[in-house]
Amino acid sequence: MLTSCLLPALAAADGIAVISHVDIAPYRAAIDGFQQQVHLPMTRYLLNKSDNTTVRDTIHAQQPDLIFVLGRPALKFARTLQQATPIVLVFVLHPEPLRTNEAGVAMTVAPALQLKTLLALSPNIQTIGTTYNPKKSASLITQIKKETAAHNIQLLSDPISTHAEAAQSVQRITSKVDAIWIMPDTTALTTTLFQQMIRLSWQHAIPVIGLAPKHVRKGCLFALSFDNRAVGTQAGHLANHILHHHAHHKRTPPQLEPLQTNRLSLNTQTAKILGLHIPPQIMKQASRIYPVHARETH
Amino acid sequence: MNKIFYSLRSRIFFAIAALLVPASLLLSWLAIHQQTEFFEQTLIERGQVFARHMAYGAELSILTKDPISLNSLLHKVMHEKDILYAEIYDSEGTLITASSSSSSAGDSYQDPDLDLDTEQARISNKEEWFRRDAHTYEFEAPVISEIASSDEDMLLNTNKTRQDVIGMVHIALSNQSIQSSINQLVLQGIIVLLLLLAAALVVTWWLAQLLTQQLKQIGDVARKIEDGEFDQRITIIGNDETATLAAALNRMLNMLSEHDNKLHAQQRIMQTILDQAPIGVWMLNIDGKVQFINQSFAHTLGITEQQLLQVEHYKTLLSTKVANQCMESDHICFNSGKVHHSMEQITDAESGIIHSFDIIKAPVHNDQGEIEGLIGLAIDITSRIQAEEEKASMQKQVEHTQRLESLGVLAGGIAHDFNNILTAIMGNAALAERKIASGGSETCGKYMKNIAQSSEKAALLCKQMLAYSGKGHFIIKPLNLTAMVSGITSLLEVSIQRTIQLHYTLPEDIGLIEADEAQVQQVIMNLVINASDAIGEQNGTISIVTGELEADIDYLSHAIAHADDKLKAGRYIFLEVSDSGCGMDQTTQQKLFEPFFTTKFTGRGLGMSAVLGIVRGHHGAMMLYSEIGKGTTFKVLFPVASSSAATAAPHATAEPTPWRGSGTILIVDDEETIRETAASMIEEMGFHIVTACDGLDGVERYRQHQQEIVAILLDMTMPNLDGAGCFLALKKINPQVKVILSSGYNEQDSTKNFDSQALAGFIQKPYWPDALENILRKVLT
């Protein structure tokens, strides 16, 4: 049962504390998926930007069996509770090294899968370029390098620390690569820079791998992203597992599970501009095809 | 000029123009102002669009710090119209690039009107900014870089972003082009306004003329009507309200014209009536100026209407006497403010006859109640006065005639009585003569006494006859009705049939009436004679009753009286004459008092009308009770005299004392027997006698014996020179002469031609020696 944080009296019982800093559709979908798996009473807490003392006191009083956090601010808040209560986190991109009582579901799709899809769409790729902030995406770049190397593909990764550097980097590498891989890094991408990137992509006929369906809609060739509800469901399984071990006084190693379910978004218009043919099996895998009428065409 | 300016057409024109001109100016000003604002707003919007566009285009160039791109951007912007200069700054406010015409001298941007902190705050707040002065419009727009809110948001399919300001663009636009456009617009607006205004004024003038055309015609027609041209009509133009008004006015003029014709006809009739009316009608103002006078009265005055209407005051055209008379009554009328009646005499200018006018003057008030003149009416009452005089004269004549007629009735009885008296006188005189001749004069006294008694009866009868004939004199004096009836019993007795008995009920203690003795006697006589006639030759009785009664209005309402004489309740003296005759039917009673109505063979039918006339003349009344076969009663009422209390006390007859006179008495009489008898009487008193046979002789005798003569006994009617002429001659000789007039007529008739105070005394014939002695003694002592 999901109970509002505004009803602390009802929340004074063991169960799941659900914490988020915003109430947006992806979070609600994830919570639904989580709730389908975890059959314990749930109390929903929505954080304020200024003072969360009441939320903190309520959770202390509740002493939940598990805390389900959505997003980085919620994780930060949960860590300030200084409790040994297990925490399951979702929608946190680059979490610091997880603590012993923390586990979660990763936000990024496995690079190998993405590279496989890219090659299925554009088999002649030799060089892939990307700009990244080493402070944020170093580990991800490492994984990508490993995968590209396995396919004899060169990864031209250009480290940047500012938007200006990102802009200059994009200008610089575009003429040197066969595809661009966008990193989930705000330092490396602004709205204008994305548009410039797409413009250059179309100009030079090089595909851009997006992060989310919205990028595909705006011109990226494809994107492999997660399903919000599936993330919640996966987190629910994880929570059940943790709660089971916790009940038997077993400690579970901290882990960040990779996404088990991916969704493919395709832009057939971009593919056409780039002169690429989308294989039927890829088309079948796509859960979203842009432009919207393109699925009917194909 | 003023007339044109204040005409309705001009007023309409100026009224509309007064609205039109400021309204046009206001609308033009509003239009120009709005257009100016539109130009300015367009310029501002253009500047803002330019600034935003530059900021958008400059984002990537700022991020890449690409001067070529930035200069290219500036170059494009500078080609746009009205752009003075453009500048691009980074987020620190440092100038990255600027157009060649930029005013920025240094590398850093700072608004001259703002401090650096404020400017930084504005940039960090991503505010757009706009400023203008007389010639320049300056705009700023932040260069914004949009970034996902967080790394996770890049993966989540949401649009949560944040905006970072990475620089700023600053451009300046000149308002020169819009200023020239505004100037051109103003010029065009003024030209168009003037043209439209001129056209509107022309149309307004035409419209005003159109609207007032009908009214002007109405005004022209009204002026002609004012001059009396009622045949004028308005030509109806169109079918609007003024046309309706004109049609209504035409209908009104038709009615007015009809009424005017009727009025003129009535005026002509009235003028004719007034001009020909036998009355004068005029009107004056308060200053005496004649406003109107009718023709007939002006003609009577001998002045034309035009003359009277022209003069400032009518007095200048009238004689002084008449003018003063008129002005005095005018003055009374003006001062009193009431209707004033007067009688004025005006001599007819043409015939010279004096006309008597009953003048009525009524004040005329104005609306404020002030007197502003008078209306005079003059009614010529000359004929009426003459008619009344003639009527009175006729009445007298009728009465006198009737009196004489009744004297004829008396004549038979009087002749009978006189013959009896004369028989006694003649018999006794013959017996006395025989006795004297036979020497037995001592027994003559008895016969002489009989003669004297018979003579006294004859004298009384003559006196009553004389009094009854009366000569019609109307002398009102207090009278006792009982005494009057008593005084004429002899006449009454000789006037009726011998077979009729007279019964008197005559109380002495009744009040007096104010009446003419002769007329009241005539009433008594007529009633008794009529009563006798009603009884005829049969045996019968006539009752004569006098008395006093209290009559109320109800009682008097049954009386026959003068129509104009409203009888008042009070005490009345009555005379009642009743007979046991045949009585009268209703028809006879109704016609009884009509002149010339008679039931007698010999009568002229004036008796009862004369009686009624006399009674009415004395403010009395009559009552009539009559039944066929039973008789008739007349009751005459006279109001009690106000001086009734002063009832004349009966004369105390003093016992005569022996008196002896001295001197000479002149006896003037044409009758020798009278002269001798009088001489004998006077000689017995101790006087000497001189006699004269007529007036001339008397005058001569007086001249001869003036010194001895102490008094003159003068007859009235004599040949050669009558008593009056003789009296005047004697007075001329000696104004102090004492003349005693002697006449068979009563004193009033005899002395009317004499100065009553100049006569020493009067004695009526026949007279006894005692009476003569008394008058002589009275005159001479």
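## A tour from chain A to chain B

Start by selecting A:P291, which sits in the loop between β14 (286-290) and α12 (294-297) of chain A. Helices (H or I, at least four residues) and strands (E, at least two) are DSSP runs, numbered from the N terminus. Now show the backbone just before this proline: A:Y290 and A:P291 are joined by a cis peptide bond, with omega at about -10 degrees.

Before moving on, some housekeeping. Residues are numbered from 1 along each chain as its sequence is written, while chains are lettered from A and ligands numbered from 1 in the order in which they are written. This is a predicted model, in which local features need pLDDT of at least 70, side-chain atom pairs count only at pLDDT 80 or more, and totals for chains, interfaces and linings use all residues; side-chain values use heavy atoms, with hydrogens and water left out.

**Backbone oddities**

Stay in chain A and pick A:A205, in the loop between α7 (191-204) and β10 (208-210). A:A205 is not a glycine, yet its phi is positive, at about 60 degrees. For background, most residues other than glycine have a negative phi, and most peptide bonds are trans.

Then hop to chain B and select B:P766, in the loop between β22 (761-764) and α23 (769-780). Here is a cis peptide bond as well, joining B:K765 to B:P766 with omega at about -15 degrees.

**Where the chains meet**

Next, colour by chain and look at the interface. Chain B brings 21 residues to the contact (heavy atoms within 4.5 Å), and chain A brings 37 residues. The buried area is about 2400 Å², with 61% from carbon and sulfur atoms; this is accessible area (1.4 Å probe) that two parts lose on being put together, summed over both.

How many salt bridges does the structure hold over all chains? The total is 26, counting a side-chain nitrogen of Lys or Arg within 4 Å of a carboxyl oxygen of Asp or Glu. One to zoom in on is the pair A:K136 and B:D151: A:K136 lies in helix α5 (residues 134-150) of chain A and B:D151 in helix α5 of chain B, so this pair joins two chains. Put a distance label on their side chains and look for 3.2 Å, N to O. Between chain B and chain A the count is 2 salt bridges.

Polar contacts add to the picture: 9 residue pairs across the interface, both residues at pLDDT 80 or more. The rule wants a pair of N or O atoms within 3.5 Å, one able to donate a hydrogen and the other to accept it, and residues adjacent in sequence count only if both atoms are side-chain atoms. To see the chain B side that touches chain A, select α2 (8-64), β4 (136-148) and α5 (151-155) of chain B, the elements giving two or more residues to it. That side divides into 8 nonpolar, 6 polar and 7 charged residues.

**Two sheets in chain B**

Now hide chain A. The order β7-β6-β10-β9-β8 gives an open, antiparallel sheet of 5 strands, where strands pair if DSSP finds at least two bridges between them. Its edges are β7 (290-293) and β8 (340-347), each pairing on one side only. Select β6 (residues 279-285) to find 3 bridges to β7, with B:L284 partnered by B:V290. Lying across β6, β8, β9 (354-365) and β10 (371-380) is helix α10 (residues 320-336), at about 170 degrees to β8; axes are lines fitted to C-alpha atoms, for helices over the stretch in contact, and angles run from 0 to 180 degrees between N-to-C directions.

Last stop: the open sheet β12-β14-β15-β17-β16 of chain B, with 5 strands and mixed pairing. Its edge strands are β12 (500-505) and β16 (621-627). β12 runs parallel to β14 (residues 540-551), joined by 6 bridges, and B:I500 has B:G540 as its bridge partner in β14. Finish with helix α18 (residues 607-617), which lies across β16 and β17 at about 145 degrees to β16.

Key:
Nonpolar A, V, L, I, M, F, W, Y, C, P; charged D, E, K, R; others polar.
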